[in-house]
Amino acid sequence: MANYSIKLSLIIFTFFFPRQLIFCNSQNNVIKGGYWFRDSGISTNNIDSTLYSHLFCAFADLNPQSNQLIVSPEDRDSFVQFTSTVQRKNPSVKTLLSIAGGRANRTAYGIMARTFNSRKSFIDSSIKLARQMGFYGLDLDWEYPESTTDMTNLGILLDEFRAAINTEARNSGRVSLLLTAAVSNSPRVNGLNYPVSSVARNLDWLNIMAYDFYGPNWSPSQTNSHAQLFDPVNHVSGSDGINSWIQAGVPIRKMVLGMPFYGYAWQLVNVNNHGLRAPANGKSNAGSIDDGSMTYNQIRDFIVQNRAKTVYNATIVGDYCYSGSTWISYDDTQSIRTKVTYVKGRGLLGYFAWHVAADQNWGLSRTASQTWGASSQEMK
Ligand SMILES: *[C@@H]1O[C@H](CO)[C@@H](O)[C@H](O)[C@H]1NC(C)=O
Ligand SMILES: *[C@@H]1O[C@H](CO)[C@@H](O)[C@H](O)[C@H]1NC(C)=O
């Protein structure tokens, strides 16, 4: 990215073109990102892409035999049409093909990353697939490398990925594909350090997954805020994560804060003890999925149907609600608004949502987008 001719053309651009035009052509002055996947509840033509600058189509996966990137037969049609479909409502929205994801086989990625040939097979097939399907970039969501060797090899993989993307752009005369990755809230995950300098050098930006800090399956005995922005007590929060990435050496302009459009439902031990960090008994039956998670849409319906009490905690920036023995941590409009204001104020590149279909009537998406404001007002 930081290459002289790009800089020079930007300077020329800045001096000779009217501001309006710069904004229209500038790809990454703010990331208003959102992920979509096939079974998420809405089809691609129902995505309100006007509220997003970048949409991530999830997930393509690794074929461990060939070490190539593949799209499952069930995904193929919607992936091939993804870009043209979401660009109908917003012609300037950029799309990225997301790779792996939380349910992918992490061991297979570790094996692929071990040798030059298998990495090359993965990288070349990824670039080819992204181009064939009309995506603007690739987003690697390897959750997570399992050893120091995996982390080292991830660093090498990203170096080679960036080089291959640059070569492809030169040879094809096209704008380079974007290269991003979804990473954990801090540069240390499961006791292992990310290859931070490679990450900073090679990625256009990092999607920081600032959520899932607590959940009824992995912290069953206490309610807690799973995506809080601040944590004066234990320093497990989005802002603490950002600070740790900064300390590790990643420029803040390469960071994009993840915001959950979902929550987690615990079962309270005592219905009269319903605060933060109240005793709990694992997940509530209200949570529809195995891990006790509920989409924002389901949570809003739950609140209305059960006349649940809602609480916004401004100290931590997080919402919760409760009714009977069900207690749910989530982000409502106030949390989203405050997070986006924070992201903008600290000079991050933007935010992303997991996931767009979990929203209710685009309420959180609209709140986030409007809070940032029109991107044309951002570059000074
Ligand atoms: C994950 O990948 C490894 C290596 O390819 C393989 O041995 C293992 O069986 C896979 N696990 C699952 C659940 O498919
Ligand atoms: C808000 O969060 C702070 C910090 O964790 C906590 O001390 C306080 O009790 C919380 N207030 C409510 C109403 O949840």
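1. A cavity, as the word is used here, is a set of grid points over the protein atoms alone where a 1.4 Å probe fits but cannot get out, and its lining residues are those with an atom within 4 Å of a point. The model under discussion is a predicted one.

2. The structure holds 1 cavity of 30 Å³ or more, and the volume of the largest cavity comes to about 70 Å³. Its lining consists of L140, W142, P145, L154, L158, A181, A182, V183, Y194, V199 and L203. Two or more of the lining residues come from each of the elements α6 (148-172) and β6 (178-183), and β6 makes the greatest contribution, with 3 residues.

3. As to the chemical character of that lining, the residues divide into 11 nonpolar, with no polar and no charged ones; Y194 and W142, both part of the lining, fall in the nonpolar class because Tyr and Trp are counted there.

4. Turning to ligand 2, the residues around this ligand are L276, R277, N313, I316 and Y320, a shell that by class has 3 nonpolar, 1 polar and 1 charged residues.

5. Three side chains of this shell deserve inspection for their polar contacts with the ligand. An N or O atom in the side chain of N313 is 2.4 Å from an oxygen atom of ligand 2, while for Y320 a polar side-chain atom lies 3.0 Å from a ligand 2 oxygen, and for R277 the separation between a side-chain N or O atom and an oxygen of ligand 2 is 3.2 Å. Of the 360 Å² of accessible area that ligand 2 has on its own, the protein covers 59%.

Notes: Residues numbered from 1 in each chain as written. Chains lettered and ligands numbered in written order. Predicted model: local features only at pLDDT ≥ 70, side-chain atom pairs only at ≥ 80, totals over all residues. Heavy atoms only, no water. Near = heavy atom within 4 Å. Polar contact = N/O pair within 3.5 Å; in protein donor to acceptor, adjacent residues only side chain to side chain. Areas by Shrake-Rupley, 256 points an atom, 1.4 Å probe, with all protein chains shown as cover. 1 Å grid on protein atoms, 1.4 Å probe; cavity = no way out; pocket = protein on both sides within 12 Å on 5 of 7 lines; lining within 4 Å. Points joined across faces, edges and corners; volume = space filled by probe spheres on them. Helix = DSSP H or I, 4+ residues; strand = E, 2+ residues; numbered from the N terminus.
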